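Colleague: I am new to this structure and would love a close look at one part of it. Could you walk me through the part I ask about below?

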Amino acid sequence: MALTGLVFSSCIDTRQATYFNGVKDGTIDTKTPVPESIIRPNDLLSINVTSLNATATEFFNTPNTAGSQAGGGGTPGYLVNSDGSIQFPMLGNIKAAGLTKEQLKDRIRKSIEERQLLKDPIVNIRYLNFRVTVLGEVKNPTVLTIPNEKVSLLEAIGLAGDLTIYGKRENVLIIREEDGQKQIKRINLNSNELLSSPYYYLKSDDVVYVEPNKARVATSRNGQWL
């Protein structure tokens, strides 16, 4: 049985076990933007308001306790309800789903100014549940929580322990939900085109799946799932 595993392992082309084959030294002008995630129902948001009037501002920074309990483990934050709204102090229901963070910032800031509740308020928003899932032929399949809301495909794979020797580097699958639809994209990690791809940086709730190669399938058929 050990000999069978050795035979299949030797059949793996070493070019399929490395990244960026054939990429020469040089500079690649990528300018790849970090994609802006769209707020969706069940997102958990941290919303912080500041102004020159610290006392009056405190009221706006009271965490949505009910939302935090529903959002998981008592983490302070504002849970986006199933109808896409959040319940914000003094402002009531605010539609959040379908907006970017910047758009929601502007909406909250304008509402505060229009009601003359604060002068020149500054609103900061970040996701408390920005996560990506990495599955398949990686060392540690996992769900990654990303505090700084920025992670590349390569970083996510690295945080999952890297691809195993059996992972298909030329055919990594990314599943992304946008506008109520699932988008499917296949990425070749052996191509420098990845560095300028709009999928180089991942969005919240992206799923990365690494398919097994033929050697993995063959070993599994022989009872050698290693």
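Which residue is the bridge partner of Thr133 in strand 7?

Modeller: Happy to help! A word on the model first: it is predicted, so to speak of local features a pLDDT of at least 70 is needed, side-chain atom pairs count only at pLDDT 80 or more, and totals for chains, interfaces and linings use all residues. Residues are numbered from 1 along each chain as its sequence is written, and side-chain values use heavy atoms, with hydrogens and water left out.

Now to your residue. The bridge partner of Thr133 in strand 7 is Val143. Strand 6 (131-136) and strand 7 (142-145) pair in the antiparallel sense, over four bridges. Strands here are DSSP runs of E with at least two residues, helices are runs of H or I with at least four, and both are numbered from the N terminus. Two strands pair if DSSP finds at least two bridges between them.

Step back a little and you find an open sheet of five strands, in the order 7-6-10-8-9, with mixed pairing. Strand 7 and strand 9 (181-187) are its edge strands, each pairing on one side only. On average, neighbouring strands of this sheet are turned by 20° against each other, direction ignored; the axes are lines fitted to C-alpha atoms, and angles run from 0 to 180 degrees between N-to-C directions.

Strand 6 also leads us into the largest nonpolar core, since it is one of the elements that each supply at least two residues. Others include strand 8 (167-178), strand 10 (207-212) and helix 4 (101-114). Such a core is a set of buried Ala, Val, Leu, Ile, Met, Phe, Trp, Tyr and Cys residues joined through side-chain atoms within 4.5 Å. Buried means under 20% relative accessible area, exposed over 50%, and partly exposed in between, with a 1.4 Å probe and protein chains only. This core has 44 residues, and Ile47, Phe88, Leu104, Ile108 and Leu153 touch the most other members. Leaving aside residues up to four places away in sequence, Phe88 touches Ile47, Val49, Phe60, Tyr78, Ile94 and Ile108, where a contact means heavy atoms within 4.5 Å.

For the wider setting, the chain has six helices and ten strands. Of its 226 residues, 40% are buried. Among contacts with a separation of 6 or more, 63% are between residues 24 or more positions apart.
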